[in-house]
Amino acid sequence: MEYLTDLIQILIPAGLVLYAVYLVVRNFLQKQFDAQLIGLKMKTTDTVLPIRLQAYERTCLLLERISPNNMLLRLSNPSINAFEFQHLLLNEIGEELNHNLSQQVYMSDEAWQRVRDTVNIIIAVIQDASQEMKAENNAIDLSQTIFDKMMKLESDPIGDTLSFVKNEIRQVF
């Protein structure tokens, strides 16, 4: 019985010391892991942040390029008829959008949806304006009708979406 009491007196302090060492080592390893995780997050942020910023810049450029004010002036050619010009405008919008589709990966879903909605509004305005055209109308006539329809919209879809995207960029910083 005395051996059992001596063994218990030795095992209990040894067990407590072993448990204390376990807690210290576990705490040390957890701190090391957390430090490595923070370092990895910082490296990721250093890499991803410029790419995200570039995605927002390219999206703003997309919106500016498909803006009727810019696009009609850039592509206007009085020698083509209204239907050829409509095809040219819709083709230009499609190319711009396809060129920037990958930017949605770096943007919020809401921001990209607003960009898509804006593109669809511009396409709808162009198609609506072209339905009013006759065979004898030229690109200038279609341009004027598109400008008129854009002015009649309750809000500026390009301006509103640009503001939303810019506000989202500001939140990142």
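Here are four short exercises on salt bridges and one helical span in this predicted model.

**Exercise 1: the annotated span**

Find out which residues UniProt lists as "transmembrane region", and work out what secondary structure they have.

*Solution.*
- Start with the record: the unreviewed UniProt entry gives residues 6-25 for "transmembrane region".
- Now look at those residues in the model. The span is 100% helix and 0% strand.
- Finally, check how far it reaches: the C-alpha atoms at its two ends are 29 Å apart.

**Exercise 2: a bridge between two helices**

Decide whether Arg65 and Glu96 form a salt bridge, then say what the pair ties together.

*Solution.*
- First you need the cut-off: a side-chain nitrogen of Lys or Arg has to sit within 4 Å of a carboxyl oxygen of Asp or Glu.
- Arg65 and Glu96 have an N to O distance of 2.5 Å, so they pass and count as a salt bridge.
- Next, place each partner. Arg65 belongs to helix α1 (residues 2-66) and Glu96 to helix α3 (residues 82-99), so the bridge ties together parts that are 31 residues apart in sequence.
- Then zoom out a little: Arg65 and Glu96 also belong to a salt-bridge network with Arg74 and Glu92.
- Last, sort them by accessibility. Buried means under 20%, and partly exposed runs from there up to 50%. Arg65 has 29% relative accessibility, so it is partly exposed. Glu96 has 10%, so it is buried.

**Exercise 3: a bridge inside one helix**

Work out where the partners Arg114 and Glu110 sit, and whether each is buried, partly exposed or exposed.

*Solution.*
- Check the distance: the closest N and O atoms of Arg114 and Glu110 are 3.8 Å apart, and they form a salt bridge.
- Locate them: both are in helix α4 (residues 109-131). They're 4 residues apart, which is about one turn of the helix.
- Sort them: Arg114, at 33% relative accessibility, is partly exposed. Glu110, at 46%, is partly exposed too.

**Exercise 4: from a loop to a helix**

Describe the salt bridge between Glu132 and Lys149, and say which parts of the chain it links.

*Solution.*
- Distance comes first again: 2.7 Å separates the closest N and O atoms of Glu132 and Lys149.
- The pair links distant parts of the chain, 17 residues apart. Glu132 is in the loop between α4 and α5, while Lys149 is in helix α5 (139-152).
- As for accessibility, Glu132 has a relative accessible area of 45% and is partly exposed. Lys149 comes in at 18%, so it counts as buried.
- To finish, put this bridge in context: the whole structure has 6 salt bridges.

Note on methods: Residues numbered from 1 in each chain as written. Predicted model: local features only at pLDDT ≥ 70, side-chain atom pairs only at ≥ 80, totals over all residues. Heavy atoms only, no water. UniProt positions renumbered as here; feature names shortened; annotations may be inferred. Buried < 20%, exposed > 50% of the residue type's maximum accessible area, 1.4 Å probe, protein only.
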